[in-house]
Amino acid sequence: MSDAAEARVEELQQTLRERDEQIRAIQRIMVALGGIVKQQDLIRQALEVSLELVDASAGSIILYNEDRDKLVFTHVVGPTADELVGMELDSGQGIAGAVFRSGELRVSEDMTAEKEHDRQVGEQVNFITKNMVTVPLKSVEGEPIGVMQVLNKADGIFAEPDVNVLAILGAQIATAIETSRLHEQARLAEVVQFIGHISHDVKNMVTPVQTGAETLQFMLDDMFSGLAACSVADAGELERVTSEVRE
């Protein structure tokens, strides 16, 4: 076998090994996402697996807050996690905002050449982004809910297999986040319904008390009216007697 053929075989074998690793990682994240109920735990597990899979040093899940019209760093893995969590961006700010609005995955091989890259965020937390993949996160209806950003591949740039697997993981993460939100909404609805039942039961308990109080009030009013009438009659009788004595 020629050297070129051997090199080609080795390249194919390496590609197969990478794909096997990717498949195992996807299986891991599917199992993890299926077993996690709390949204914050879900995000952390998903993001950590994604970074491990493509050998990246940092990453963020940035979700859209409709009430504030902001993109919010809800979870961050990396050296600047504490500083970034909770930070807000305008919905169209930087590459995150551009991908959120377009819904198109974006690979940034050289951040110095990215005109839309918002360097202020990195400067605020003293972090330099060299390369990055920004994956749109969408609901099952296709509506944007945020983005996932994976930064600084340890060796070289993000290759096509990295991008492909991040796109798959991004879709899984978005679906899992939506599912978690639906669970939270369902639990909230159950709480509201439970409170409604309690209110109804309390009302049923209060009604007899209120009715009894109203009856007692009526009886007291009638009693006081009687006493007032007696007092007037007694006063009249006293005045008559006093007049007779004087005479």
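This is a short walk through the sheet, the helix across it, the cores, one buried asparagine and the salt bridges of the structure above.

Okay, housekeeping. What we have is a predicted model, so local features need pLDDT of at least 70 and side-chain atom pairs count only at pLDDT 80 or more, while totals for chains, interfaces and linings use all residues. Residues are numbered from 1 along each chain as its sequence is written, and side-chain values use heavy atoms, with hydrogens and water left out.

Let's start with the sheet. Six strands make an open sheet, in the order S3-S2-S1-S6-S5-S4, with antiparallel pairing. When I say strand or helix, I mean DSSP runs, numbered from the N terminus: E and at least two residues for a strand, H or I and at least four for a helix. And two strands pair if DSSP finds at least two bridges between them. S3 and S4 are the edge strands, each pairing on one side only. From one strand to the next, the twist averages 25°. Over at the S4 edge, three bridges join S4 to its antiparallel partner S5. One residue to click on there is Val 107, whose bridge partner in S5 is Val 133.

Now, what lies across this sheet? Helix H4 does: it lies across S1, S2, S3, S4, S5 and S6, and runs at about 135° to S6. Angles here go from 0 to 180 degrees between N-to-C directions, with axes as lines fitted to C-alpha atoms, for helices over the stretch in contact.

H4 covers residues 94-102, and seven of its nine residues are buried. Buried is under 20% relative accessible area, exposed is over 50%, and partly exposed is in between, with a 1.4 Å probe and protein chains only. The buried ones are Gly 94, Ile 95, Ala 96, Gly 97, Ala 98, Val 99 and Phe 100. What covers them includes S1 (56-65), S2 (70-77), S3 (88-90), S4 (106-108), S5 (132-138) and S6 (144-153). Just after the helix, Gly 103 takes a positive phi of about 75°.

On to the cores. By nonpolar core I mean a set of buried Ala, Val, Leu, Ile, Met, Phe, Trp, Tyr and Cys residues joined through side-chain atoms within 4.5 Å. The largest has 26 residues, and Val 54, Ile 61, Met 148, Val 150 and Ile 177 touch the most other members. Helix H2 (39-54), S1, S5, S6 and helix H6 (160-246) each put in at least two residues. Which of them gives the largest share? That would be H6, with eight residues. There's also a second, separate core of 20 residues, and Leu 71, Leu 84, Val 99 and Val 125 are among them.

Back to Val 150 for a second. Leaving out residues up to four places away in sequence, its contacts (heavy atoms within 4.5 Å) include Leu 51, Val 54, Phe 158, Leu 166 and Asn 131.

That last one deserves a look. Asn 131 is in the loop between H5 and S5, and at 6% relative accessibility it counts as buried. What does its side chain reach? It reaches the backbone nitrogen of Lys 153 at 3.0 Å, and the backbone oxygen of Gly 156 at 3.1 Å.

Last topic, salt bridges. A salt bridge here is a side-chain nitrogen of Lys or Arg within 4 Å of a carboxyl oxygen of Asp or Glu. How many does a search of the whole structure find? Six. I'll show three.

Pair one is Glu 88 with Arg 68, closest N and O atoms 2.7 Å apart. Glu 88 sits in S3 and Arg 68 in the loop between S1 and S2, 20 residues apart.

Pair two is Asp 90 with Lys 70, at 2.5 Å between the closest N and O atoms. Asp 90 is in S3 and Lys 70 in S2, so this pair ties together parts that are 20 residues apart in sequence. Asp 90 is partly exposed at 41% relative accessibility, and Lys 70 is partly exposed too, at 22%.

Pair three is Arg 106 with Glu 116, closest N and O atoms 2.6 Å apart. Arg 106 is in S4, and Glu 116 is in the loop between S4 and helix H5 (119-125). Salt bridges that share partners join Arg 106, Glu 114 and Glu 116 into one network.

How values were computed
A polar contact is a pair of N or O atoms within 3.5 Å; within protein, one must be able to donate a hydrogen and the other to accept it, and residues adjacent in sequence count only if both atoms are side-chain atoms.
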